[in-house]
Amino acid sequence: MAKMGMVFDLKACIGCNACVVACKQENSLPDGVFFTRTLSYEHGTYPNTRRTYIPTICNQCEDAPCEKVCPSGATFTREDGIVMVDRDKCIGCSSCAVACPYDMRTMLDKDMFEKGLFGTGELTPFEKQGYERFTPGTSVKCDFCSQRVDAGLDPACVSTCPTNARIFGDLDDPNSAPSKLIRDRDGRQPLPEKGTKPKVYYVD
């Protein structure tokens with residue numbers, strides 16, 4: 001069975017945030033909710049400075065602490081390794097948010113869906129159709145755009161990236177693009193000391 005994962009190429013990321021916009025649009029995320037972010041880190045001493053952009057996302061941990069602490073079984077891992085949330089089972093206890101060492105969980109407040117993206121209290125047709133997938137009071141996170149993966153597509157953030165800084169594929173396949181990158185460029189997992197076995201890697 002496949003083990004889906006992602007590699008971030010820090011040399012290729014230009015910090016354009018096209019991935020963030022694509023994610024917001026694909027998942028109809030309400031104001032204040034992000035499944036992916038791009039952090040920036042400036043190093044060196046003026047005038048010899050450099051900026052590195054660091055994309056972040058749910059790491060789809062193989063040993064996911066969010067799944068371990070979920071008392072209702074709402075968090076589960078698919079056979080392909082993608083960690084999911086069943087909104088019908090989520091009781092909104094926030095245990096997953098506390099357990100995630102990467103701060104990649106978001107609790108949905110009711111008012112997120114009432115103000116609308118323009119803050120007028122009126123929802124656009126885009127928001128109305130998109131918000132049907134959410135239940136206020138539950139926890140949400142990135143699921144690698146599982147609906148796209150099921151259709152044989154890459155996650156929206158991967159498809160949109162203009163510099164191919166996000167590489168998605170089966171980590172169990174030694175010939176997949178992410179597996180080759182991890183092997184050839186010494187891919188590193190975020191916070192490996194946490195022991196969660198992320199399926200997201202960074203190369204530079």
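## Salt bridges

At a relative accessible area of 28%, D63 counts as partly exposed, a class that lies between buried (under 20%) and exposed (over 50%), as judged with a 1.4 Å probe and protein chains only. This is a predicted model, in which local features need pLDDT of at least 70 and side-chain atom pairs count only at pLDDT 80 or more, whereas totals for chains, interfaces and linings use all residues. Residues are numbered from 1 along each chain as its sequence is written, and side-chain values use heavy atoms, with hydrogens and water left out.

The side chain of D63 meets that of K68 in a salt bridge of 3.1 Å, N to O, where the term stands for a side-chain nitrogen of Lys or Arg within 4 Å of a carboxyl oxygen of Asp or Glu. K68, for its part, is exposed, with a relative accessible area of 59%. A search of the whole structure finds eight salt bridges. One of them pairs the side chains of K3 and E62 at 3.3 Å, N to O. Because K3 lies in the segment before β1 (4–9) and E62 in the loop between β3 and α2 (65–69), this pair ties together parts that are 59 residues apart in sequence; the helices (H or I, at least four residues) and strands (E, at least two) are DSSP runs numbered from the N terminus. K3 is partly exposed at 24% relative accessible area, and E62 is likewise partly exposed, at 45%.

Further along the chain, R188 and D204 form a salt bridge whose closest N and O atoms are 2.7 Å apart. With R188 in the loop between α7 and β9 and D204 in the segment after β9, the pair ties together parts that are 16 residues apart in sequence. Both partners are partly exposed, D204 with a relative accessible area of 44% and R188 with one of 41%. In addition, salt bridges that share partners join R78, D80 and D150 into one network.

## Backbone features

The peptide bond that joins Y46 and P47 is cis, with omega at about 5°, and P47 lies in the loop between β2 (36–45) and β3 (48–57).

Positive phi values in residues other than glycine are found at F144, where phi is near 60°, and at L191, where phi is near 45°. F144 sits in the loop between β7 (139–140) and α5 (146–150), and at 1% relative accessibility this residue counts as buried. L191, by contrast, belongs to the loop between α7 (177–184) and β9 (200–203) and counts as partly exposed at 34%.

## A nonpolar surface patch

L117, F118 and F126 form a nonpolar patch on the surface, with about 320 Å² of accessible area together. For such a patch, Val, Leu, Ile, Met, Phe, Trp or Tyr residues with over 30% relative accessible area and no salt bridge are joined when their side chains are within 5 Å; the areas come from the Shrake-Rupley method with a 1.4 Å probe, and only the protein chains shown count as cover for residues. Within the patch, F126 has its place in helix α4 (residues 125–131) and is partly exposed, with a relative accessible area of 36%.

## Cavities

On a 1 Å grid over the protein atoms alone, a cavity is a set of points where a 1.4 Å probe fits but cannot get out, whereas a pocket is an open set with protein on both sides within 12 Å along at least five of seven lines; lining residues have an atom within 4 Å of a point. Points are joined across faces, edges and corners, and a volume is the space filled by probe spheres set on them.

By this rule there are four cavities of 30 Å³ or more, and the largest cavity has a volume of about 110 Å³. Its lining is made up of 14 residues, of which C58, C61, C66, C100 and Y102 lie nearest the centre. These lining residues divide into 10 nonpolar, two polar and two charged, with Ala, Val, Leu, Ile, Met, Phe, Trp, Tyr, Cys and Pro counted as nonpolar, Asp, Glu, Lys and Arg as charged, and the others, Gly among them, as polar.

## Pockets

About 270 Å³ of space lies in the largest pocket, which is lined by 15 residues, with V85, R133, V140, K141 and D143 nearest its centre. The elements that give two or more residues to this lining are β5 (83–85) and β7, and β5 gives the most, with three residues. By class, the lining of the largest pocket has seven nonpolar, four polar and four charged residues.

The second largest pocket has a volume of about 190 Å³. It is lined by 13 residues, and those nearest its centre are F34, R37, D103, M104 and T106. Here β2 gives the most to the lining, with three residues, and the lining of this second largest pocket divides into six nonpolar, four polar and three charged residues.

Note on methods. Patch = residues over 30% accessible without salt bridge, like charges linked within 9 Å, V, L, I, M, F, W, Y side chains within 5 Å.
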